[in-house]
Amino acid sequence: MDLYLLAELKTISLKVTTVDMQKPPPDFRTNFEATHPPILIDNGLAILENEKIERHIMKSVPGGHNLFVQDKEVASLIENLYSKLKLVLVRKDEQKSASLRAHLGRIDGLLERRGTRFLTGDTMCCFDCELMPRLQHIRVAGKYFVDFEIPTSFRSLWRYMYHMYQLDAFTQSCPADQDIINHYKLQQALKMKKHEELETPTFTTSIPVDINDSNAEE
């Protein structure tokens with residue numbers, strides 16, 4: 001998502017190629033063998049692994065350093081969110097769901113206290129590029145597998161998501177609901193049903209009505 005944002009700001013030219021890892025094209029297998037995306041290719045140089053890609057964006061991509069800010073509170077707050085989602089998806093368990101819900105509540109509290117559009121201010125940074133995809137996975141996969149929903153009482157969190165949904169950097173990099181669901185089905189050794197494979201891709205970007213109404217007045 002970092003790169004989509006930089007492309008939106010016109011600091012870089014970006015081309016994205018999606019790869020079906022169950023049937024990767026021959027040139028992908030030749031160059032990268034079993035390496036899973038994301039893979040960044042910058043002027044012929046291939047960078048693998050998320051941490052190395054982030055480091056390259058920060059040091060070598062025009063404008064990339066502007067996305068990386070220091071904020072220990074935010075960093076520690078969003079750090080374990082994804083692992084809690086994965087625990088919830090293993091099986092429906094109210095204690096694990098409550099833990100994830102409480103974690104989201106702390107993020108909601110930070111956003112309410114700071115009163116900013118994004119996590120660290122009114123412009124996006126690396127933490128937003130990390131948090132919002134996780135929130136989307138929680139919305140889509142959490143609802144599908146264990147009927148987990150982000151409480152509508154977390155108004156600041158929903159307002160944050162509303163602003164993120166307005167950005168091309170997010171909507172263009174966001175996978176379809178079916179792709180998110182299939183990602184976790186593969187992790188659980190489940191297969192997509194034939195009718196699911198043929199479904200028209202859908203993208204969950206709606207906001208609960210009461211939250212949407214409050215944003216419309218801003």
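**Arg114, a helical core and its salt bridges**

With a relative accessibility of 29%, Arg114 counts as partly exposed. This residue is a handy place to enter the structure, which is a predicted model. The side chain of Arg114 meets that of Asp71 in a salt bridge, with 2.8 Å from N to O. Asp71 sits in the loop between helix H3 (50–60) and H4, while Arg114 belongs to helix H6, so the pair ties together parts that are 43 residues apart in sequence. Unlike its partner, Asp71 is buried, because its relative accessible area of 15% falls under the 20% limit for that class.

Stepping back to the whole chain, a reader will find 12 helices and 2 strands. Read from the N terminus, the order of elements is α-α-β-β-α-α-α-α-α-α-α-α-α-α; two helices therefore come before the two strands, and helices make up the rest of the run. The chain has 218 residues, and 42% of them count as buried. About 13,000 Å² of the chain is exposed, with 50% of that area supplied by carbon and sulfur atoms. Contacts across the sequence are also well represented: among those between residues at least 6 apart, 67% join residues at least 24 apart.

What lies at the heart of the buried part? The largest nonpolar core comprises 44 residues, and Leu104, Leu135, Leu157, Tyr160 and Met161 have the most contacts inside it. At least two residues of this core come from each of helix H4 (72–78), helix H5 (81–90), helix H6 (94–114), helix H7 (126–146), helix H8 (155–165) and helix H10 (177–187). The greatest share is that of H7, which gives 10 residues to the core. Leu104 offers a good view of how these parts meet. Leaving aside residues up to four places away in sequence, Leu104 touches Leu81, Leu135, Ile138, Phe148, Ile150, Phe154 and Leu157. Two of these partners, Leu135 and Leu157, are also among the residues with the most contacts inside the core.

Helix H7 also holds Arg134. Is this charged residue buried or exposed? Arg134 counts as buried, because its relative accessibility is 18% and the limit for buried residues is 20%. Beyond residues up to four places away in sequence, Arg134 touches Ile78, Glu79, Leu81 and Tyr82. Leu81 is thus a contact of Arg134 and likewise a contact of Leu104.

Side chains of opposite charge can pair when their charged atoms come close. How many salt bridges does a search of the whole structure find? The search returns 9 salt bridges. One of them joins Glu130 to Arg134, with the closest N and O atoms 2.9 Å apart. The two residues are 4 apart in helix H7, which means that about one helical turn separates them. Glu130 is partly exposed, with a relative accessible area of 28%, whereas Arg134 is buried at 18%.

A further salt bridge brings together the side chains of Glu149 and Lys143, at 3.2 Å from N to O. Here both partners count as partly exposed, with relative accessibility of 49% for Glu149 and 38% for Lys143. Salt bridges with shared partners also link Asp71, Glu73, Arg113 and Arg114 into one network. This brings the description back to Arg114, where it began.

Technical notes: Residues are numbered from 1 along each chain as its sequence is written. This is a predicted model: local features need pLDDT of at least 70, side-chain atom pairs count only at pLDDT 80 or more; totals for chains, interfaces and linings use all residues. Side-chain values use heavy atoms; hydrogens and water are left out. A nonpolar core is a set of buried Ala, Val, Leu, Ile, Met, Phe, Trp, Tyr and Cys residues joined through side-chain atoms within 4.5 Å. Buried means under 20% relative accessible area, exposed over 50%, partly exposed in between (1.4 Å probe, protein chains only). Contact means heavy atoms within 4.5 Å. Accessible areas come from the Shrake-Rupley method with a 1.4 Å probe; for residues, only the protein chains shown count as cover. A salt bridge is a side-chain nitrogen of Lys or Arg within 4 Å of a carboxyl oxygen of Asp or Glu.
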